[in-house]
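Thanks for coming. I will go through one structure today and keep it short. Please have a look at it before I start.

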Amino acid sequence: MTNGDEVVAKVVERNGNGDFVINRPHSVIPSQQGVGLYPSLITADPDSNFIITSDHIMMCAPTVPEIEAHYIKMTTGVVVAPKQSIIV
């Protein structure tokens, strides 16, 4: 974001202007325990979609799996199982 915030959200779509339609935006907050997520819009209906115009976005990238799993847990209550691997 142009204000320096890092936001994790479900991207619903990109409209014709290149703007992002998002759902359940959470701001990334550093803490003593690591990185936390906090609802970006506390008083808004969390099930609503929101538009972030492309001129307010500095960078856009997929999030790392650990933050994605934490976001899913925060927004749905579902705990994502870690990926299993086979060691030979």
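**Pockets and a hairpin**

Three elements, β1 (7-14), β2 and α1 (65-76), each supply at least two residues to the lining of the largest pocket. Before I go on, note that this is a predicted model.

Let me stay with that pocket. Its space comes to about 730 Å³. How many residues line the largest pocket? The count is 24, and those that lie nearest its centre are Val-7, Val-8, Met-59, Cys-60 and Ala-61. Of the elements, β1 gives the most to this lining, with five residues. As for the character of the lining, 18 of its residues are nonpolar, two are polar and four are charged.

Next, the second largest pocket. Here the space is about 180 Å³. Which residues line the second largest pocket? They are Pro-65, Glu-68, Ala-69, Ile-72, Val-80, Ala-81, Pro-82 and Lys-83. Six of these lining residues count as nonpolar and two as charged, with no polar ones.

Now back to β2, which I mentioned as a contributor to the lining of the largest pocket. Strand β2 covers residues 20-31, and it pairs with strand β3, residues 34-39. In which sense do β2 and β3 pair, parallel or antiparallel? The pairing is antiparallel, and it runs over six bridges. To pick out one position, Ser-27 has Tyr-38 in β3 as its bridge partner. The connection from β2 to β3 is a hairpin, made through two residues.

To recap, the lining of the largest pocket draws on β1, β2 and α1, and β2 also pairs with β3. That is what I have for today.

Technical notes
Residues are numbered from 1 along each chain as its sequence is written. This is a predicted model: local features need pLDDT of at least 70, side-chain atom pairs count only at pLDDT 80 or more; totals for chains, interfaces and linings use all residues. Side-chain values use heavy atoms; hydrogens and water are left out. Two strands pair if DSSP finds at least two bridges between them. Helices (H or I, at least four residues) and strands (E, at least two) are DSSP runs, numbered from the N terminus. On a 1 Å grid over the protein atoms alone, a cavity is a set of points where a 1.4 Å probe fits but cannot get out, and a pocket is an open set with protein on both sides within 12 Å along at least five of seven lines; lining residues have an atom within 4 Å of a point. Grid points are joined across faces, edges and corners, and a volume is the space filled by probe spheres set on the points. Ala, Val, Leu, Ile, Met, Phe, Trp, Tyr, Cys and Pro count as nonpolar, Asp, Glu, Lys and Arg as charged, and the others, Gly among them, as polar.
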